Structures are given as structure tokens and as C-alpha cells.
Amino acid sequence: LTPTQGLSKLVSNGIISSPDYWSSIINKYANIGALIQAIAGAMQNVTEDDIRKKVVNFAKQYLGYNEWDGTHRTIIDAYNAHTPRARNYKVNYYDAWCATFVSFVSISLGYTDIMPTECGCECMIELYKKLGRWQENDAYIPKPGDIIFYSWTDGTNYRYADLTDIADHVGIVTDC
């Protein structure tokens, strides 16, 4: 594969959703071109299902991390180390960190083009809408790896409630 073909392959596999940046620098640096070729070559046989499994398996490693024993700090520190940060905000250890966790998974796996990073639920929703990846459809059956948003005050039956209130929690679907 040439670097340009590699970039096309990454776009067609859904690994890169906004290739303009990479297109603009692909021929400026030989190492960028080589990197794109290598990634695309490795991704040729990767399916969406493979990516979903990778997200779920990675996220499950952090089950039980919490603020009471401080294990969540690892997640927050990794999120804060990634730049640029969403809205240039450095997440504090006492902040709600559900969106930070989803972003941490994205950053750790290198999926920021398909899983935008953000530290707040409402802003994260807007990013998913901009990517065309927002789904507000009661008939949609979530798949493992989907990002799901909640409003704890939006009705009593969360299984059937549309998100009409402000989202105050986000997570990763592991099973359905």
C-alpha cells in the first residue's frame, strides 16, 4: 500500500473519520506515511465487531475502579495527559468522571477519530452528533461497544425513555 492508499483503507474501515489532517501531512514526513501504511496494513482484516470487542475488553479491565480508594486517579491522569484536552479543562479527582472514562478508553486504544474525547456528557453528545454517530431511536438495539447516555431523572423506565433531559451519565455497552 502507498500512504494514500493506506489512508483510504483506514477511512473505509472506520478507523479515521476525518482524514483531512493526515492527508495534509502524509507526504511531508516519511515516518507519517510509513506509519499510515503500517496501520492500514494491520487493519485490513479488522472488522467493526473486532473494534467493538476491543473497546469492551479494554473497558472491563477497569471495572471496580472508584474514587473511594483512589483507583480512578489512573484514568483521570491518563485523560489529562492527552492533549489537546476537551475545552482545555483538566479533570480533577473530585469531578464526575464517566465521560472521562469513555474518553480514556478512546485515547488508550487510539480511537479518538471514532470515539471523540470529552469530559462532560452533554458536550460528548454534541461531538457524536457532529460525527453522525448519534442514535436517538427506541427501536435501536444497542451493541457491545456502543456508547450510551443516561439521564437519571428522565422518567422511571429507562429502558424505553428518550433522552429528553440533560444527560448526566455515560457508559459503554458490554452486553445486550
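**Strand 1 and the loop after helix 5**

Visitor: Which residues of strand 1 are on its covered face, and which are on the uncovered one?

Guide: In this predicted model, strand 1 spans residues 147-150 and turns I147 and F149 to its covered face, while I148 and Y150 belong to the uncovered one.

Visitor: Why do the side chains alternate like that?

Guide: That follows from a general feature, because side chains in a regular strand alternate between the two faces of the sheet.

Visitor: What does strand 1 pair with, and how many bridges join them?

Guide: Strand 1 is joined by four bridges to strand 2, which covers residues 169-172, and the two run antiparallel.

Visitor: And which residue is the bridge partner of Y150?

Guide: The partner of Y150 is H169, which belongs to strand 2, and Y150 itself is one of the residues on the uncovered face of strand 1.

Visitor: Changing topic, where is the cis peptide bond?

Guide: The cis peptide bond joins T83 and P84, with omega at about 0°, and P84 sits in the loop that runs between helix 5 (72-81) and helix 6 (98-109).

Visitor: What about R87, what is its phi?

Guide: R87, which lies in the loop between helix 5 and helix 6, has a phi near 50°, a positive value in a residue other than glycine.

Visitor: Is R87 buried or exposed?

Guide: R87 counts as exposed, because its relative accessibility of 54% is over the 50% cut-off.

Visitor: And N88, what are its phi and its relative accessible area?

Guide: N88, in the loop between helix 5 and helix 6, has a positive phi near 55° and is not a glycine; with a relative accessible area of 64%, N88 is exposed.

Terms used
Residues are numbered from 1 along each chain as its sequence is written. This is a predicted model: local features need pLDDT of at least 70, side-chain atom pairs count only at pLDDT 80 or more; totals for chains, interfaces and linings use all residues. Side-chain values use heavy atoms; hydrogens and water are left out. Buried means under 20% relative accessible area, exposed over 50%, partly exposed in between (1.4 Å probe, protein chains only). Two strands pair if DSSP finds at least two bridges between them.
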